[in-house]
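Here is a short note for someone opening this structure for the first time. Keep the viewer at hand and take the points in order.

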Amino acid sequence: MSTATLPLKPITEDFKEAVAFALSQNDTARAFVDEIVEAGLRNVFLVGCGGSLTAAYPVQYLLETRAQFPVFHMNSDEFNHRRPALLGEGSLVLVSSHTGTTKETVAAAHYAREAGAKVAALTRSADSPLAKAAHVAFTYRSEDTVVAPKGVLFGQLGYALLEKTGVQGDYAALRQAYEALPDALYTAQEEGEELAASIATALADEPVTYVLSAGPNYGAGYGFTMCYLMEMQWKHGGSYNAGEFFHGAFEVVTEDQPVILFLGEDATRPMAERARTFLDTYTKKAHHVDSTMFSLPGVPAHLRGDITPIALDVFGTRLARHYESVRGHDLDKRRYMFQVEY
């Protein structure tokens, strides 16, 4: 049983400032996209590792469901070794790394430029190796607030691409929704505290936890599993698409098997609802993280599905803090990452 505990860390002090700074780069994003599209955009690649790769799931979903150009989403080293045949002139590559020093991602930026693509970096600092390797860098400056501003930066670029390529949308209302995010996402964290505490307390000592999510919310579930449960808490976990779950993985569910389910408000919600019905029937340890619990002040009701993937991802960061507190295992503690050669 977990006996050691740590004080629960508060919501990051610079949260609103970091999100606002990301929002302030919208005009730069639009100007960059204008240049790319006018030069002849053919395709978009979303490239990164770990949490930086998971942060791109919402924009991947956005572009795949609305854009008239192909979108590819892959791990940085996979990108480097796969050498996509469609990469070249007319390609836009969005590369992301928090530190800006992830060697595979920096290499991906150089490779993309050599192939003739335009490269935009999403990273913490404008003077990092990744930022310097790109044609333009979009940053958030914060060491502690990462998920929310990165989601904003990806979203701004995604909507700029849609608008510039003539896809119909309520872009004025979308901008209104984004401008509300510093306060709305801060409030969402406050609203989720009780649920986060209950999940962390209930599952602190479970040997294996499975996490389900779907559509643009898949990154929130996958990122929580790999980056927080496994990397930062050294706990066994598995992440599955809520639809794919029914084609194999659901066979391991018993009445005492814990599963966390993320439910958003986009078109893939029925997939998550189906999983909820199954879990509520066959396990006593199902925990549902439903974005409808977030009030999201300032976000128009018809656009909640565009925003809730970021809100669920942000909730995951607070859930991780509650695990840290309940289990007494600092999120910065590592066995291998940054400790050994790998």
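**Notes on the predicted model**

1. Start at Phe338, which is found in the segment after α14 (304–327). Please read what follows as a description of a predicted model. Phe338 counts as exposed, because its relative accessibility is 61% and the cut-off for exposed is over 50%. Its backbone also deserves a look: phi is near 70°, a positive value in a residue other than glycine. Most residues other than glycine have a negative phi.

2. Which residues form a nonpolar patch on the surface with Phe338? They are Tyr336, Val340 and Tyr342. Together the four have about 510 Å² of accessible area.

3. Arg141 is another residue with positive phi. The angle is near 70°, and Arg141 is not a glycine. Look for Arg141 in the loop between β5 (136–139) and α8 (147–164). Arg141 is exposed, with a relative accessible area of 52%.

4. The loop between β5 and α8 also holds Glu143. The side chain of Glu143 meets that of Arg124 in a salt bridge, at 2.2 Å from N to O. Arg124 sits in the loop between β4 (118–123) and α7 (129–133). The two residues are 19 apart in sequence, and the pair links distant parts of the chain. Glu143 is partly exposed, with a relative accessible area of 48%. Arg124 is partly exposed too, at 21%.

5. How many salt bridges does a search of the whole structure find? The count is 19. One of them pairs Glu324 with Lys9, and the closest N and O atoms are 3.8 Å apart. Glu324 belongs to helix α14 and Lys9 to the segment before α1, so this pair ties together parts that are 315 residues apart in sequence.

6. Is Glu324 buried or exposed? Glu324 counts as buried, because its relative accessibility is 0% and buried means under 20%. Lys9 counts as partly exposed, at 31%.

7. Glu324 also forms a salt bridge with Arg321, where the closest N and O atoms are 3.0 Å apart. Both residues lie in helix α14. They are three residues apart, about one turn of the helix. Arg321 counts as partly exposed, at 21% relative accessibility. Elsewhere, salt bridges that share partners join Arg269, Glu273, Arg276 and Asp290 into one network.

8. Now turn to helix α1, residues 15–23. Its buried residues are Phe15, Ala18, Val19, Ala22 and Leu23. Viewed down the axis of α1, these residues fall within an arc of 145°, so they line one face of the helix. What do the buried residues of α1 pack against? The partners are α2 (26–38), β5, α8, α9 (171–179), α10 (181–191) and α14. Two of those names have come up already: α14 carries Glu324 and Arg321, and β5 precedes the loop of Arg141.

9. Gly88 lies in the loop between α5 (76–82) and β3 (91–97). Gly88 is buried, with a relative accessible area of 6%. Leaving aside neighbours within four places in sequence, Gly88 is in contact with Arg42, Ala115, Gly116 and Ala117. Check Lys118 as well. Gly88 and Lys118 are 30 residues apart along the chain, and their C-alpha atoms are separated by 8.6 Å.

10. Last, the cysteines. A disulfide is a covalent bond between the sulfur atoms of two cysteines. The structure holds zero disulfides. Why is there no bond at Cys49? The closest cysteine sulfur is in Cys227, 10 Å away, and that is too far for a bond. A disulfide needs the two sulfur atoms within 2.5 Å. For Cys227, the closest cysteine sulfur is likewise that of Cys49. Cys49 is buried, with a relative accessible area of 19%. Cys227 counts as buried as well, at 9%.

How values were computed
Residues numbered from 1 in each chain as written. Predicted model: local features only at pLDDT ≥ 70, side-chain atom pairs only at ≥ 80, totals over all residues. Heavy atoms only, no water. Patch = residues over 30% accessible without salt bridge, like charges linked within 9 Å, V, L, I, M, F, W, Y side chains within 5 Å. Areas by Shrake-Rupley, 256 points an atom, 1.4 Å probe, with all protein chains shown as cover. Helix = DSSP H or I, 4+ residues; strand = E, 2+ residues; numbered from the N terminus. Buried < 20%, exposed > 50% of the residue type's maximum accessible area, 1.4 Å probe, protein only. Arc of directions from axis to C-beta. Contact = heavy atoms within 4.5 Å.
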